[in-house]
Amino acid sequence: MALIPAMTITIVCFYGFIIWTFVISLTRSRLLPVYKFTGFEQYVRLFANERWWTAMQNLAIHGFLFIGGCVVFGYFLAILIDRGVKAEGMFRTLFMLPLSMSFIVTGVIWQWVMNPGLGLQEAVRALGWTGFEFNWIVRPDRSIYTLAIAGIWQQVGLCMALFLAGLRNIDPNIWKASRVDGIPVWRVYLHIITPMMRTVFFTVFILMSAIVMKAFDLVVALTGGGPGFSSDLPARFVVDHILNRQELGLGAAGAFVLLCTVIAVISPYIYFELKKERGGRGH
Amino acid sequence: MRYNRWALYGLLCLAAVMIMAPVFIMISTSLKSMDEIRNGSIFTLPTDPSFAAWSKAWFGDCTQTLGEKCGGLSSSFMTSVQIVIPALFLSVGLGAVTGYSLAVWKMKGANVMFAALLVGMFIPPQVTLYPLIIMIRELGIFGSIPGLILVHVIWGVAFTTMMFRNFFKTVPQDLLKAARIDGAGFWRLFWHVMLPLSLPILGVAMILQFTYIWNDFLLGLTFGGRSGQPMTVALNNLVGSQFGEKEYNVDMAATMLTALPTLAVYLLSGRLFVRGIAAGAVKG
């Protein structure tokens, strides 16, 4: 009985609505849903749509830079903290502070920092380096990189926390043994600890991918998808077509393709989570 | 060795400075005048700090806007508060009850249901957005605070259920057996045994849900309409509006006002936030 509300939400609002969206994507719906089926016409239109491909390409670029940056910097920060520093709590608190803010706040702050007229570019020039250029946010060929900068700034603390938890789980005997053998610290991290941390790397990768594929707020606040559509992302494409452009069918098709991308990346993770569950119950 | 230590602290401080720099720039810009912003650098401290921009961001400026409402962010702040509080308690409460029934009362399909919920956490909101709009419209609560509360509960329940279910799974079976032998039924077991046990996880879920709901943008944008604009949507509108001259100090003050509640919760809760954020990260 107590399960009814949650079950209704799951069945109707998650799975039912996914099917509904799929059905809409098979119709010619524009402003309102009309249930006249046209097969996969909307998908054909979607794949012929240049803006969609820009968005998908941007997703790949942004995903690569954002996930890569978060993993590299997050792991590095976790190792630094793991070396036994004083004031560890303070550093941790500072590194994770951006996490508590919304993507909108992050986007607005970075939009101001990267403002070509009054922001970082001007500030560095005023210091004497007059040829300094950092106007990526207004350059169509560079704007997508600004998303990764702001995104990494916000999420690196989460990666650090996950990696740090992993490092703290490493058997201290490994450190004792390596000290006896006289192996340099950096080699222990690179050749011994890092391979042991592969499940943590896997988790971080999945979590960050989920964030990348849903990335909507950050683009809206930072670049608005611009200049032009140069920094557009699929999530924004979908919302724009459903809410503003009266292209419901096309938006639904985009949403469904997005969902398939998410499933492709996430399913190994779900599989392992459930397997872990089953394994745990055996005892 | 000593040299290494210095390098270690040097790198950590450098990272801390880089992460805090945008926050510093936001605060110092919000305290400057527009003249100072135009003529100075973003790194300098305000020479004559003033809260004028803050008050303009909060109360609005009725002398400049044409026809549009000039209420500033204060009304959206209130809207956000009115959304967050009920949505927080409803989603956490529902998650606690659902997680409890899934973990403790082993019924058929509990695992299937849990798997379905787990997958639900990853579904991009865009995929169910339009059907949800229709549902909320049919219920007659589109563009209102109750509508937003409902969508937040719908979107939050997978996460809160997962947190409580995973916690309740760790409660020793003997304790449950003892309680049942004493004749505790479904609700008594929940109220008198499980809920008191789950206080730490309750704290984590509350903090995280507060942060998610306050920081949400997409749902507020879609379901808020004109009267139910939460803080993030209002901030985005303020910053994005092309009306007149851009006032960066007011923008930054507004950003600070939007960020303050979640920042405060984060700084006050510390460890609990860290514990939960890993579990809830998939929500993005």
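Reader: How many helices and how many strands does chain B have?

Author: In this predicted model, chain B has 14 helices and zero strands. Read along the sequence, the pattern of chain B is accordingly α-α-α-α-α-α-α-α-α-α-α-α-α-α. A general point helps when one looks at such elements: an α-helix has 3.6 residues a turn, so residues three or four places apart point the same way.

Reader: What does the C-alpha trace of chain B span along its principal axes, and what share of its residues count as buried?

Author: The trace of chain B spans about 75 × 70 × 30 Å. Of the 284 residues of chain B, 50% count as buried. Contacts add a further view of the chain. Among those in chain B with a separation of 6 or more, 76% join residues 24 or more positions apart.

Reader: What is the mean pLDDT of chain A, and which of its elements have the lowest and the highest mean values?

Author: The mean pLDDT of chain A is 86, and 97% of its residues reach 70 or more. Among the elements of this chain, helix α13 (residues 248–281) of chain A has the lowest mean, 80. Helix α3 (residues 50–82) of chain A has the highest, 93.

Reader: Which residues of the two chains does UniProt list as "transmembrane region"?

Author: Such a label comes from a record, and here each entry is unreviewed. For chain B, UniProt lists residues 7–27, 83–105, 112–133, 145–168, 189–214 and 252–274. For chain A, the UniProt annotation covers residues 7–27, 59–81, 93–113, 144–167, 188–212 and 248–272.

Reader: How much helix is found in the model over residues 145–168 and 189–214 of chain B?

Author: One may compare a listed span with the coordinates. Residues 145–168 of chain B are 100% helix and 0% strand, with end C-alpha atoms 32 Å apart. Residues 189–214 of chain B are 96% helix and 0% strand, and their end C-alpha atoms also lie 32 Å apart. In chain A, residues 7–27 are 90% helix and 0% strand, with the end C-alpha atoms 29 Å apart. Residues 144–167 of chain A are 100% helix and 0% strand, and there the end C-alpha atoms are 33 Å apart.

Reader: Where do the domains of chain B lie, and how many residues of each are in contact with the other?

Author: The domain assignment gives domain 1 (2–50) and domain 2 (74–283) of chain B. Their C-alpha centres lie 33 Å apart. Eight residues of domain 1 of chain B are in contact with seven residues of domain 2 of chain B. On the domain 1 side, α1 (2–30) and α2 (34–39) of chain B are the elements that give two or more residues. The largest share of that side, four residues, comes from α1(B). By class, the side has four nonpolar, three polar and one charged residues.

Reader: How many residues of chain B are in contact with chain A, and which element of chain B gives the most?

Author: The contact joins 67 residues of chain B to 72 residues of chain A. On the chain B side, α1(B) gives the most, with twelve residues. By class, this side has 47 nonpolar, 18 polar and two charged residues.

Reader: Which residues touch the most other members of the largest nonpolar core?

Author: A general tendency may be stated beforehand: in soluble globular proteins, nonpolar side chains tend to be buried together. In this model, the largest nonpolar core holds 169 residues, and L77(A), V156(A), M160(A), Y100(B) and V151(B) touch the most other members. Helix α7 (residues 145–168) of chain B gives the most to this core, with 15 residues. The core also draws at least three residues from each of domain 1 (2–50) and domain 2 (74–283) of chain B. Leaving aside residues up to four places away in sequence, V151(B) touches L132(B), I136(B), L219(B) and F223(B).

Reader: Why is helix α12 (residues 231–240) of chain B said to be largely enclosed?

Author: Eight of the ten residues of this helix are buried, so the rest of the structure largely encloses it. Among the buried residues of α12(B) are M231(B), N236(B) and V239(B). The buried residues of α12(B) pack against elements of both chains, including α5 (103–113) of chain A and α4 (74–104) of chain B.

Reader: Why does F216(A) count as buried?

Author: F216(A) counts as buried because it has 24 C-beta neighbours inside 10 Å, where 20 or more are required. F216(A) lies in the loop between α10 (198–214) and α11 (217–222) of chain A. Residues up to four places away in sequence not being counted, F216(A) touches A235(A), R236(A), V239(A) and L218(B).

How values were computed. Residues numbered from 1 in each chain as written. Chains lettered and ligands numbered in written order. pLDDT = per-residue confidence, 0-100. Core = buried A, V, L, I, M, F, W, Y, C linked by C-beta atoms within 7 Å. Buried ≥ 20, exposed ≤ 12 C-beta atoms within 10 Å, placed from the backbone. Domains from an automatic or database assignment. Contact = placed C-beta atoms within 7 Å. UniProt positions renumbered as here; feature names shortened; annotations may be inferred. Nonpolar A, V, L, I, M, F, W, Y, C, P; charged D, E, K, R; others polar.
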